[in-house]
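This report concerns the fold and the nonpolar cores of a single chain.

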Amino acid sequence: MVKIEVVDIEKPEGAEVIIGQGNFSIFTVDDLAKALLTAVPGIKFGIAMNEAKPQLTRFTGNDKELEELAAKNAVKIGAGHVFVILMKGAFPINVLNTVKNHPAVAMVYGASENPFQVIVAETELGRSVLGVVDGKAANKIETEEQKAERRELVEKIGYKID
């Protein structure tokens, strides 16, 4: 029998979230913390990772609120070796390759500042992440005016398209 559950990720306004899965969480949580610190100067973050044995959530960071919420969200997800990173002062694009390239990281499910949900399956053995819901569904195609506004914004923040 499989039970499906939706876990709402709790985070403060403006915080980014990255949800992923790795292995050997006894050192991975600290390694990822070091990687975040070196990827973006001034980043504030909390990271938590569920360990299948001895069934506990390890956590660290440099911001108490983000640490506590990362741990709380990881426990709610409950799946072994899943990690939750909550951060401010950086965007996922600034750290995703650093996170994904860690030898103990198997995958990243999603990363966003949007409202975020994790779809979890539960069996007799344990829990597993099936996927994530990242914000609301798109329901229309951008207009030429919206495309021009988008390009103006990305150029303003330093990304030249043409």
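The sections below treat the basis of the model, its overall fold and its cores.

## Basis

The model is predicted: local features need pLDDT of at least 70, side-chain atom pairs count only at pLDDT 80 or more, and totals for chains, interfaces and linings use all residues. Residues are numbered from 1 along each chain as its sequence is written, and side-chain values use heavy atoms, with hydrogens and water left out.

## Overall fold

The chain contains four helices and eight strands (DSSP runs numbered from the N terminus: helices H or I, at least four residues; strands E, at least two). From the N terminus on, their order is β-β-α-β-β-α-β-α-β-β-β-α.

Along the principal axes, the C-alpha atoms fill a box of roughly 55 × 40 × 25 Å. Of the 162 residues, 37% are buried (under 20% relative accessible area, 1.4 Å probe, protein chains only). Among contacts (heavy atoms within 4.5 Å) between residues at least 6 apart in sequence, 65% join residues at least 24 apart.

## Nonpolar cores

The largest nonpolar core (buried Ala, Val, Leu, Ile, Met, Phe, Trp, Tyr and Cys residues joined through side-chain atoms within 4.5 Å) has 21 residues, and Ile 19, Ile 77, Val 84 and Val 118 have the most contacts inside it. Strands S2 (16–22), S5 (82–88) and S7 (116–122) and helix H2 each supply at least two residues of this core. The largest share, six residues, comes from H2. Apart from this core lies another of 17 residues, including Val 29, Ala 33, Met 87 and Val 95.

Beyond its neighbours within four places in sequence, Ile 19 is in contact with residues including Ile 9, Ile 77, Val 84, Val 108 and Val 118.

Notes:
Buried < 20%, exposed > 50% of the residue type's maximum accessible area, 1.4 Å probe, protein only.
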